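Student: Could we take a close look at one single part of this structure? I'd like to go through the surroundings of the ligand.

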Amino acid sequence: MKTSLTGIKPTHLPHLGNYLGAIRPALSLVDQYRTLYFIADYHALTSVRDSDALRGYIRDVAATWLACGLDPERTLLYRQSDVPEVFELTWVLSCLLATGQLERGHAFKDALARGESPNAGIFNYPVLMAADILLYDTDVVPIGKDQKQHLELTRDVATRLNHAYGEGTLVVPEALIGEAPLVPGTDGEKMSKSKGNGIPLFEPPKKLRKVIMGIKTSSESLEDPKVAEGSTVYELYALVAPDEASDMKRKLEAGGYGWGHAKEALFEAVEAEIGPKREAYLSIRADETQLDAVLHAGAHKAREIAHATIQRVRSAVGID
Ligand code: TRP
C-alpha cells in the first residue's frame, strides 16, 4: 500500500470549509492508502503567539478529525512536535537548498509585498514541510492548490539529496491535488478563518442556523426564477447534499422558491451531516487525557518510521 500523508496547521477551530475541502476528502483515502495525518504544531508558531490558544487548537483539531471519522487504528494521527527527528532532517535538507528558492516562496514573497518583515520561520517553512513529508517515505500528499509550490520544493530537494548521496535514500513524493472543492463562505468568497466568513462546524445548531441565514444572496423576490449555479447557498448545498442538489436547482430556477427556503434546506442538510459529529466532538474534546493518549500512541508509531529514515539519511551524508 502506498503512503499518503498530510499536515494540518492548528491555527483555528476548524470550520465547514475545512471539513468539506480537506477533512472529508482526506478521510476518503483510508481504504486506498496507508494514511498518516499529523498536527503541524511547529508550523503554527509562525503565526500563533498565544500559548494557551495553541494548546487549545491542537486538541480542537485532533478532536475534530477523530469526530469526523478518523480511526486511529487505521490512520496514524500524531503531533509533529512529538517526532523531533523532523528537525534533523530539516537541517540536512536546508543545506541542499538555495536561499533563492526559499526567497521565491509564495508566503514569504507575499508578506514582503505587503510591506511586512516576515520572520525566518516563514522563510524556512517550506523546508520543515519537506522534512515532514520525506521523513515518512511518503508517496502522495493530498493538498490544495495553494500548497503546490511546497510540494515542488519537496520533490526538488529529495531528488537533489538522492543525486548527491545515493538514489533511494529518500522517496520522492507526488502531490495529490484532488478536485478539492472551493468552499464559499457566507460572503461568497472562499471560506477562510481570516476573512471571518466561516460557517462553524461544531457550534450549537441555533448558532449554525443564524450564520446560514446570514449568507449573502441576490435580492430577487420570492416569485422570480433564480440562478442556482454560482450562488453561495446552492454551491454549499451541492457540496453537503450532492444527491439532492438537482432538486434545489430546479426549484430555484422555477421561481416561487426563495433564498430563505434554500437556506433552510441548507441548514437542515448541514445539520444532518454534522449533527452526529458534533456530539462525538464534544465528548472527545472533553476528555483531554484520552485525547492526548491517542496522539501519543500515534507519535510512538510515527517515530519508528522516522527513526529508520533518519538513520538512512545520517549514514548517507556521513554523520553516523
Ligand atoms: N502547509 C500546510 C498548510 O498550510 C500544512 C502542512 C505542514 C503540511 N506540513 C505539511 C501539509 C506536510 C502537507 C504535508 O495547510
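Student: By class, how many nonpolar, polar and charged residues does the shell around the ligand have?

Tutor: Quick background: this is a predicted model, where local features need pLDDT of at least 70, side-chain atom pairs count only at pLDDT 80 or more, and totals for chains, interfaces and linings use all residues. Residues are numbered from 1 along each chain as its sequence is written, and side-chain values use heavy atoms, with hydrogens and water left out.

Now, your shell: it has seven nonpolar, four polar and two charged residues. Here Ala, Val, Leu, Ile, Met, Phe, Trp, Tyr, Cys and Pro count as nonpolar, Asp, Glu, Lys and Arg as charged, and the others, Gly among them, as polar. Of the 13 residues around the ligand (a heavy atom within 4 Å of it), His 43, Tyr 125, Met 129, Asp 132 and Gln 147 come nearest.

Where do shell residues come from? Strand S1 (3-8) and helix H7 (120-134) each supply at least two, and H7 gives the largest share, four residues. Helices (H or I, at least four residues) and strands (E, at least two) are DSSP runs, numbered from the N terminus.

Next, zoom in on the ligand's nitrogen atoms. One is 2.7 Å from an N or O atom in the side chain of Tyr 125, and a ligand nitrogen is also 2.7 Å from an N or O atom in the Asp 132 side chain. For Gln 147, a polar side-chain atom lies 2.9 Å from a nitrogen of the ligand. Taken alone, the ligand exposes 360 Å², and the protein buries 88% of that (areas by the Shrake-Rupley method with a 1.4 Å probe).

Methods
Polar contact = N/O pair within 3.5 Å; in protein donor to acceptor, adjacent residues only side chain to side chain.
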